[in-house]
Amino acid sequence: MLNRKRPERTPAAHSSDTSLIARGTAICGDVRFSGTLHLDGQIEGSVLAEEDGAVFTLSENGLVKGEIRVPHAIINGRVQGNIHAGERLELAPEARITGDVHYRTLEMAAGAQVNGRMSHHATELPRELPAPLLADAEPVPA
C-alpha cells in the first residue's frame with residue numbers, strides 16, 4: 001500500500017484547478033498562479049498568471065494594490081494599479097480601477113469605473129505579401 005504510485009497530473013487537469021483567497025486574508029507580495037484564482041481578500045503586490053488559459057476573478061470585496069497580468073480577468077472589486085488582460089477583461093458593476101487598462105476584448109457593465117487610460121491591443125495578423133506573379137519568368141533549377 002505504501003509503494004503505490006500516485007497518478008501524475010496532466011497539464012489539462014491542472015488548468016481546471018481553482019484557488020481561493022478568502023475575505024479577511026491579506027497577502028503582501030507577488031502572487032503567481034495557474035488555473036483559476038478567485039480573490040475575496042486583498043493582495044498588495046502583482047498578480048501574475050503562469051499559463052495561457054489562466055483566469056483571475058476579483059469579487060466585490062476584493063482589493064489588489066499592484067499590477068495584474070493575466071489572460072482573462074473578471075473584476076468586480078477595487079484595483080489600484082495597471083491591468084494587462086491578454087485575451088479578455090470583464091468589468092462588473094462594482095469594479096473600481098485606478099490605473100491603466102490594457103485589453104484585447106473588453107466587456108464593461110454599467111456602473112464600472114476606470115480612472116486611467118484604456119488601451120486596446122488588437123490581435124496582430126502575420127504580415128506576409130503574396131508572391132508576385134511573373135508571366136515570363138523561367139524556373140530556376142534547384
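Contact means heavy atoms within 4.5 Å. The legends below describe close-up views of a predicted model.

**View 1. Thr-36 and its surroundings in strand 4.** Thr-36 belongs to strand 4, which covers residues 36-39. Leaving aside residues up to four places away in sequence, Thr-36 touches Asp-17, Thr-18, Ser-19 and Val-55. Between Thr-36 and Gly-53 the C-alpha to C-alpha distance is 8.6 Å, with 17 residues separating them in sequence.

**View 2. The aromatic pair of Phe-33 and Phe-56.** The model holds one aromatic pair. Its rings, from Phe-33 and Phe-56, have centres 6.4 Å apart and planes at 45°, so the pair is tilted. Phe-33 lies in strand 3 (residues 31-33) and Phe-56 in strand 7 (residues 55-58), so the pair ties together parts that are 23 residues apart in sequence. Phe-33 is buried, with a relative accessible area of 6%, and Phe-56 is buried as well, at 0%.

**View 3. An open sheet of six strands.** The strands follow the order 2-5-8-10-12-14, and their pairing is parallel. Strand 2 (26-28) and strand 14 (113-115) stand at the edges; each has a single partner strand, so one side of each is left without a neighbour in the sheet. From one strand to the next, the twist averages 5°.

**View 4. Strands 10 and 12 side by side in parallel.** Strands of a sheet pair through backbone hydrogen bonds, either parallel or antiparallel. Here strand 10 (residues 78-80) and strand 12 (residues 96-98) run parallel and are joined by three bridges. Within this pairing, Val-79 stands opposite Ile-97 of strand 12.

Definitions and conventions
Residues are numbered from 1 along each chain as its sequence is written. This is a predicted model: local features need pLDDT of at least 70, side-chain atom pairs count only at pLDDT 80 or more; totals for chains, interfaces and linings use all residues. Side-chain values use heavy atoms; hydrogens and water are left out. Helices (H or I, at least four residues) and strands (E, at least two) are DSSP runs, numbered from the N terminus. Rings of Phe, Tyr and Trp (its six-membered ring) pair if their centres lie within 6.5 Å; planes under 30 degrees apart count as stacked, over 60 as edge-to-face and the rest as tilted. Buried means under 20% relative accessible area, exposed over 50%, partly exposed in between (1.4 Å probe, protein chains only). Two strands pair if DSSP finds at least two bridges between them. Axes are lines fitted to C-alpha atoms, for helices over the stretch in contact, and angles run from 0 to 180 degrees between N-to-C directions.
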